[in-house]
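Here is a friendly walk through one protein model, written for someone who likes to check values against coordinates. Have the viewer open as you read.

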Amino acid sequence: MLKKILCSLLLTCCAGSVHARSLCDSPQYHAFDFWVGEWRVMSKGQFAGNSKITKILNGCVILEEYQAVSGYQGKSLNIFDKQQQQWHQSWTDNAGLLLQLNGNRDNNGMVLQGPGQDSEGKPVLHRITWQPKKNDTVHQHWQSSSNNGKSWQTLFYGIYHKIQ
């Protein structure tokens, strides 16, 4: 009897795992895979930090772990939101910043944007673009706009060089 119960539990767990994995196998869930890997990040010709991008939770979620040379750290969770038919990123860091961005892949890469505040607490629109390049790099351009997207200011431009 105990053997039957254990077998039943094992089959249930395995079936659930296969089912969860298959839910995220559609092409939309792979649109950001070009960013997965371990990276050395350069900005303005200087080493800025390291970033580790991994797929977690049966490949449904992309986890970013960034560590700057200055001690600044941040992490993001990225997922294709099936209901909204767009990508979502929640970014948090050791300076207390929370960014929540939404968007999709276009011909050049991934573009996510969302509302936030500047250092004085005024509303801004954030936009981050990731562009994969042929030389095994990814260019990340983080911009903000204080006039609802009419003009943009660069906050960070990083070139990700693949380590692994």
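The report below goes from the overall fold to the core, the pocket and a few single residues.

**Overall fold**

Please keep in mind that this is a predicted model. The protein chain holds one helix and 10 strands. Reading from the N terminus, the order of elements is α-β-β-β-β-β-β-β-β-β-β, with the helix ahead of the strands. The chain has 164 residues, and 34% of them are buried. As for the surface, about 10,100 Å² is exposed, and carbon and sulfur atoms account for 55% of that area. If you take the contacts between residues at least 6 apart in sequence, 31% of them link residues at least 24 apart.

**The nonpolar core**

In soluble globular proteins, nonpolar side chains tend to be buried together. Here, the largest nonpolar core brings together 28 residues. Which of them touch the most other members? They are Phe32, Trp35, Trp87, Met110 and Trp130. Strand β3 makes the biggest contribution to this core, giving four residues.

Trp35 deserves a look of its own. Beyond its neighbours within four places in sequence, Trp35 is in contact with Ile53, Ile62, Glu64, Ser76, Asn78, Gln89, Trp130, Val138 and Tyr160. Trp130, one of these partners, also belongs to the group of core residues with the most member contacts.

**The largest pocket**

Rolling a probe the size of a water molecule over the atoms shows where empty space is left. The largest pocket encloses about 230 Å³ of space. It is lined by 13 residues, and those closest to the centre are Tyr72, Trp91, Gln140, Trp142 and Phe156. Two or more lining residues come from each of β3 (61-68), β5 (86-93), β9 (137-145) and β10 (153-162). By residue type, the lining consists of 10 nonpolar residues, two polar ones and one charged one.

**Four residues to inspect**

The table gathers the accessibility of four residues.

| Residue | Relative accessible area | Class |
|---|---|---|
| Lysine 44 | 81% | exposed |
| Leucine 57 | 59% | exposed |
| Arginine 105 | 41% | partly exposed |
| Lysine 52 | 38% | partly exposed |

Let us start with the two that sit in loops. Lysine 44 is part of the loop between β1 (37-43) and β2, while leucine 57 is in the loop between β2 and β3. What is the phi of lysine 44? It is near 55°, a positive value in a residue other than glycine. Leucine 57 likewise has a positive phi near 55°. Most residues other than glycine have a negative phi, and most peptide bonds are trans.

The other two are in strands. Lysine 52 belongs to strand β2 (residues 46-56). Leaving out neighbours within four places in sequence, lysine 52 has contacts with Gly37, Glu38, Leu63, Glu64 and Glu65. Glu64 also appears among the contacts of Trp35. From lysine 52 to arginine 40, the C-alpha to C-alpha distance is 8.9 Å, with 12 residues of separation in sequence.

Arginine 105 lies in strand β6 (residues 98-105). Not counting residues up to four places away in sequence, arginine 105 touches Ala31, Phe34, Met110 and Pro132. Met110 is among the core residues that touch the most other members. Between arginine 105 and glutamine 131, the C-alpha to C-alpha distance is 9.7 Å, although they are 26 residues apart in sequence.

Terms used:
Residues numbered from 1 in each chain as written. Predicted model: local features only at pLDDT ≥ 70, side-chain atom pairs only at ≥ 80, totals over all residues. Heavy atoms only, no water. 1 Å grid on protein atoms, 1.4 Å probe; cavity = no way out; pocket = protein on both sides within 12 Å on 5 of 7 lines; lining within 4 Å. Points joined across faces, edges and corners; volume = space filled by probe spheres on them. Nonpolar A, V, L, I, M, F, W, Y, C, P; charged D, E, K, R; others polar. Buried < 20%, exposed > 50% of the residue type's maximum accessible area, 1.4 Å probe, protein only. Contact = heavy atoms within 4.5 Å. Areas by Shrake-Rupley, 256 points an atom, 1.4 Å probe, with all protein chains shown as cover. Core = buried A, V, L, I, M, F, W, Y, C linked by side-chain atoms within 4.5 Å.
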